[in-house]
Amino acid sequence: MARILTVGAAQLGPIQKAEPRSVAVGRMVHLMERAHRRGVELLVFPELALTTFFPRHYHEDIAEADVWFESAMPSNETAPLFAAARQYGIGFHLGYAEMAHEPAPGGGTRKRRFNTAILVNPEGDILLKYRKVHLPGHAEYRPERKVQHLEKRYFEVGDLGFPVVRAPMGGLPGVNMGMMICNDRRWPESWRVLGLQQVELVMLGYNTPSLNMEAAGFEAHHLRVFHSHLSIQAGAYQNSCFAVGTAKAGTEDGHELFGHSIIVNPQGEIVAQATSWDDELITADCDLDTCTLGRTTIFAFDQHRRPEAYARITEQVGSVAPPEWRK
Ligand code: CDT
């Protein structure tokens, strides 16, 4: 019998800098209600879904950016999401800026800031937490840039690896679920670490500008979406899993995010795609048993992988020049 999980990507249109969390949460609850009517069992919201993509805004004093972070999950402001999930019997994935208060080495507590995603079941249990590993951008203000991208200023590198959990979801007793966030999707290493844990469904949220803001060379407009889809489709195919990529879209604080949320099957095909740059729900029935073909044939890791030839992947960060050929 097929193992069908009905999933949804809840794309969000822009959230402006001045908009309170209650507005974003209200829109998300509305999307959850619509998802329920369409039979969705697991709904994926974008990266940093509760606020504007604040890493485009520079705060000299990092503590001034604390207003963008959540110290508790759920909180008073996010409780309606958990309540709606319970009411509709839907699991959900949520990206947010996490402020963790941890014991400091010298006593007291210290603040740690992460770009985080959680997977929550309809009962409100947090099944899995992921903290973004590949932080793009820079830590200091860059005058040459058209827009700042200060993720390296506001977040620490995630310290939880790329975890996968097997848990009941929808009508299924066990689904292998993993997460990555935005820029992680461009790195094959993220996907393979999840693939090595037999992930069946990868959830990822993103905020990606329509234009290259680095002012460091020409990149054709259409290639921005192409590279996003290419990465997600290749990752799903090469690791025999489904993927839900959910965007924040539209003009936020005067800057355009390209949307184009997709759901991808283990063949790497796009099975659903958003067409607006606004709040939009796309859904797909995913037969998780279709993950088996790839992982027992061309990508049967146990038969075909050669880790002894891959040492550079974990031993080296930057690339090195090859030896020069001489006659
Ligand atoms: N949020 C995030 O990680 N955004 C980056 C923008 C990089 S510009 C190519 C992304 O990889 O989409």
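Tutor: Before we look at this predicted model, let us fix one term: two residues are in contact when heavy atoms of theirs lie within 4.5 Å. With that cut-off, we can say what covers the buried residues of helix α1, and the cover includes β1 (4-11), β2 (42-44), α2 (79-88), β3 (91-103) and β14 (280-287).

Student: Which residues of α1 are the buried ones?

Tutor: They are Arg21, Ala24, Val25, Arg27, Met28, Val29, Leu31, Met32 and Ala35.

Student: Why is methionine 32 called buried?

Tutor: The word is used for a relative accessible area under 20%, and methionine 32, which is found in helix α1, has a relative accessibility of 0%, so it counts as buried. Leaving aside its neighbours within four places in sequence, methionine 32 is in contact with Leu43, Phe45, Leu81, Ala84, Ala85, Tyr88, Ile90 and Phe92.

Student: How do you know that the span of α1 is close to the expected one?

Tutor: The expected span is 1.5 Å times one less than the number of residues. Helix α1, residues 21-37, has 17 residues, for which 24 Å is expected, and from its first C-alpha to its last it reaches 25 Å, which is close to that value. Just after this helix, glycine 39 takes a positive phi of about 80°.

Student: What is the order of the strands in the open sheet that contains β14?

Tutor: That sheet has six strands in the order β5-β4-β3-β2-β1-β14, and its pairing is mixed.

Student: What makes β5 and β14 edge strands?

Tutor: Two strands pair if at least two bridges are found between them. By that test β5 (126-131) and β14 each have a single partner strand, so one side of each is left without a neighbour in the sheet, and they stand at the edges. Neighbouring strands of this sheet are turned by 35° against each other on average, with direction ignored.

Student: How do you know that β3 and strand β4 are joined?

Tutor: The cut-off for pairing is at least two bridges, and β3 is joined to β4 (residues 109-120) by 12 bridges, with the two strands running antiparallel. As an example of residues facing each other, glutamate 102 stands opposite arginine 110 in β4. Helix α1 packs on this sheet, touching β1, β2, β3 and β14, and its direction makes about 45° with that of β14. Helix α2 also packs on the sheet; α2 touches β3 and β4, and its direction makes about 140° with that of β3.

Student: Which strands make up the open sheet that contains β6, and in what order?

Tutor: Here six strands follow the order β6-β7-β8-β9-β12-β13, again with mixed pairing. Strands β6 (164-169) and β13 (270-273) each have a single partner strand, so one side of each lacks a neighbour in the sheet. Strand β12, residues 262-264, pairs with β13 in the antiparallel sense over three bridges, and the partner of isoleucine 263 in β13 is alanine 272.

Student: Is serine 240 buried or exposed, and how do you know?

Tutor: The limit for buried is under 20%; serine 240 has a relative accessible area of 1%, so it is buried. This residue is found in the loop between α5 and β9, and its phi is near 50°, a positive value in a residue other than glycine.

Student: And why is glutamine 198 called exposed?

Tutor: Exposed requires a relative accessible area over 50%, and glutamine 198 has 51%, so the word applies. Glutamine 198 lies in the loop between α4 and β8, with a positive phi of about 60° although it is not a glycine.

Student: What makes the peptide bond from methionine 73 to proline 74 cis?

Tutor: Its omega angle is near 0°, and the bond is cis. Proline 74 is found in the loop between β2 and α2.

Student: How do you know that the radius of gyration of the protein chain agrees with that of a compact globule?

Tutor: A compact globule with 327 residues would have a radius of gyration near 20 Å, and the protein chain has 20 Å, so the two agree. Of these 327 residues, 54% count as buried, and the chain as a whole comes to eight helices and 14 strands.

Conventions. Residues are numbered from 1 along each chain as its sequence is written. This is a predicted model: local features need pLDDT of at least 70, side-chain atom pairs count only at pLDDT 80 or more; totals for chains, interfaces and linings use all residues. Side-chain values use heavy atoms; hydrogens and water are left out. Helices (H or I, at least four residues) and strands (E, at least two) are DSSP runs, numbered from the N terminus. Buried means under 20% relative accessible area, exposed over 50%, partly exposed in between (1.4 Å probe, protein chains only). The radius of gyration is taken over C-alpha atoms; the globule rule is 2.2 Å times the number of residues to the power 0.38. Axes are lines fitted to C-alpha atoms, for helices over the stretch in contact, and angles run from 0 to 180 degrees between N-to-C directions.
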